[in-house]
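The following exercises concern the arrangement of helices and strands in one protein model. Please examine the sequence and the structure before reading each worked solution.

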Amino acid sequence: MSSAISIPSGRAHAVAASASPTTTTIHDRMLFRKDSITFSIRQPKVLHPVDNEDLRLLILENISQEAVKAFRAQGFHVDHYTKAMSEDELVQKIGSYHAIGIRSKTKITERVLKAASKLLVIGCFCIGTNQVDLLSAAKAGIPVFNSPFSNSRSVAELVMSEVIALSRQYFQRAFEMRDGIWNKQSKGCWEVRGKTLGIVGYGHIGSQLSVLAEAFGMRVLFYDVVNIMPLGSARQVETLATLLSEADFVTLHVPELPETTNMISTEQLAQMKKGAYLINNARGKVVDIPALIDALKSGHLAGAALDVYPSEPGSNGAPFDDQLNSWSSALRSIPNVILTPHIGGSTEEAQRMIGEEVSSALVRYLNYGTTIGAVNFPEVDLRAITLEEPNHVRVCYVHNNIPGVLRQVNEVLSPYNVEKQYSDSKGEIAYLMADIADVSPSDVNSLREQINKTNANILTRLLA
């Protein structure tokens with residue numbers, strides 16, 4: 001057995017709270033605000049892994065420098081890259097990192113996770129998480145965090161700009177002017193006032209878009225798989241076919257799931273009104289693009305705007321051509337089609353808020369074990385250990401969700417005073433947090449080894 005490891009002393013340092021408008025943790029609620037100055041009721045103690053290994057973070061895809069600064073302020077070692085990495089590159093590098101931050105281009109596959117021997121947590125600095133094998137990550141004891149709200153306004157504003165650009169054809173007119181062609185015309189150009197916008201997916205983006213569209217005088221319909229209270233005068237319809245048949249503009253805001261793959265294909269495009277427009281800022285595989293090309297070339301649709309694609313280049317400057325998607329040149333040749341390089345959430349405001357939200361979630365997990373907001377993991381939190389509570393150890397125990405596990409763990413913990421404990425499960429994975437008082441440095445290794453030996457153990461961390 002390895003020698004006892006000293007428990008590091010606490011520092012009077014509070015971790016930034018999540019920027020999510022709907023999520024707070026127990027650590028957040030320990031603070032209150034008075035006269036614009038933040039006072040803590042009890043100062044939380046920043047915890048550290050008891051093995052004293054410095055935490056290393058791999059940050060890819062030009063994630064916000066504010067997030068990088070936040071990580072470094074915690075004392076983490078951060079390697080920051082502006083581009084995505086391929087699967088082979090990740091397999092080579094990821095074994096030395098405890099956390100990784102990505103956006104939408106980097107793919108965290110099962111093969112990558114098998115090579116990630118030290119990985120504790122994944123941060124997706126975006127809305128979507130389909131670039132991560134969530135089930136394999138959970139089975140490896142790795143929670144995945146994202147930012148489901150922070151870029152909603154940016155995407156909604158982009159959609160409204162596309163609605164106007166398509167209806168006025170000004171994208172095509174601007175392209176002609178750049179070629180030195182003067183082509184002033186009003187045929188096929190419309191005001192958006194009085195037109196019907198059909199929103200597929202009435203979540204955070206869809207609902208904000210609904211409000212913006214009504215401010216432009218548009219009539220709003222939406223379709224969602226669950227009943228949702230509409231904002232303003234928007235109206236929910238019972239079927240997708242109803243929405244497609246009534247809307248002048250159809251915009252998609254759904255996740256990439258097996259049931260949403262090619263949800264807009266030949267049949268659905270035929271159900272749309274002649275002269276209607278399709279907008280996709282959701283996920284690339286939601287639309288059957290060869291079928292869309294046919295609908296545009298036939299004149300059934302008057303235009304389309306796409307910001308996402310089934311396959312996307314891995315870096316700026318890389319070609320968007322037929323080698324990447326076999327239909328690329330055909331799509332690019334059609335007039336009144338707006339193609340943008342996945343910029344829906346690419347605003348300074350959105351990237352700053354995403355950086356704050358996801359970095360805060362990762363810091364809370366690494367420092368405190370908190371999984372509130374994880375997309376693939378049980379959501380567990382405990383109030384912070386304070387500076388007035390020395391010789392306390394927090395046990396973070398990820399295990400298979402099978403009967404009898406808690407009895408085994410509680411037998412290991414029975415010689416100690418367990419001050420607080422909480423456990424939850426999600427599918428096959430369960431997560432327990434427990435704070436133990438009066439643990440001597442010489443007991444730490446023994447405690448960890450005993451918990452590691454339980455038959456359901458996936459990953460055990462002790463923080464002190």
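**Exercise 1: Helix α14 and its surroundings**

The buried residues of α14 are covered by elements that include β15 (393-400), β16 (417-426), β17 (429-437) and α15 (441-452). The model is a predicted one, in which local features need pLDDT of at least 70 and side-chain atom pairs count only at pLDDT 80 or more, whereas totals for chains, interfaces and linings use all residues. Residues are numbered from 1 along each chain as its sequence is written, and side-chain values use heavy atoms, with hydrogens and water left out.

Task: Determine which residues of α14 are buried and why they lie on the same side of the helix.

Solution.
1. Helices (H or I, at least four residues) and strands (E, at least two) are DSSP runs, numbered from the N terminus; α14 comprises residues 405-413.
2. Buried means under 20% relative accessible area, exposed over 50%, and partly exposed in between (1.4 Å probe, protein chains only). In α14, Val-405, Val-409, Val-412 and Leu-413 are buried.
3. These residues cover an arc of only 95° around the axis, taken from the directions from the helix axis to the C-beta atoms, which puts them on the same side of α14.
4. An α-helix has 3.6 residues a turn, so residues three or four places apart point the same way.

**Exercise 2: The antiparallel sheet**

Task: State the order in which the four strands form an open sheet, and identify its edge strands.

Solution.
1. Two strands pair if DSSP finds at least two bridges between them. The order is β16-β17-β15-β18, with antiparallel pairing.
2. β16 and β18 (457-463) are the edge strands, since each pairs on one side only.
3. Between β15 and β17 there are eight bridges; Cys-396 has Met-433 in β17 as its bridge partner.
4. Axes are lines fitted to C-alpha atoms, for helices over the stretch in contact, and angles run from 0 to 180 degrees between N-to-C directions. α14 lies across β15, β16 and β17, at about 155° to β15.
5. α15 also packs on the sheet, where it touches β15, β17 and β18 (contact means heavy atoms within 4.5 Å); the direction of α15 makes about 160° with that of β18.

**Exercise 3: The parallel sheet and two helices**

Task: Give the strand order of the five-strand open sheet, then describe how α2 and α13 cross.

Solution.
1. The order is β4-β3-β5-β6-β7, and the pairing is parallel. The edges are β4 (77-80) and β7 (144-145).
2. β5 (residues 99-102) and β6 (residues 121-124) pair over four bridges, with Ala-99 opposite Val-121.
3. α2 touches β3 (56-59) and β4, while α13 lies across β3, β5, β6 and β7, running at about 170° to β6.
4. The axes of α2 (residues 65-73) and α13 (residues 348-368) come within 8 Å and cross at roughly 25°. The two helices are therefore roughly parallel to each other, a term for angles under 35 degrees.
5. The contact involves Ala-67, Ala-70 and Phe-71 of α2, together with Gly-355, Ser-359, Leu-362 and Val-363 of α13.

**Exercise 4: Two residues with positive phi**

Task: Are Asn-336 and His-342 buried or partly exposed?

Solution.
1. Asn-336, in the loop between α12 (328-332) and β14 (337-339), has a positive phi of about 55° although it is not a glycine. Asn-336 counts as buried at 6% relative accessibility.
2. His-342, in the loop between β14 and α13, likewise has a positive phi of about 55°. His-342 counts as partly exposed at 23% relative accessibility.

Terms used:
Angles under 35 degrees count as roughly parallel, over 145 as roughly antiparallel, 65 to 115 as roughly perpendicular and the rest as oblique.
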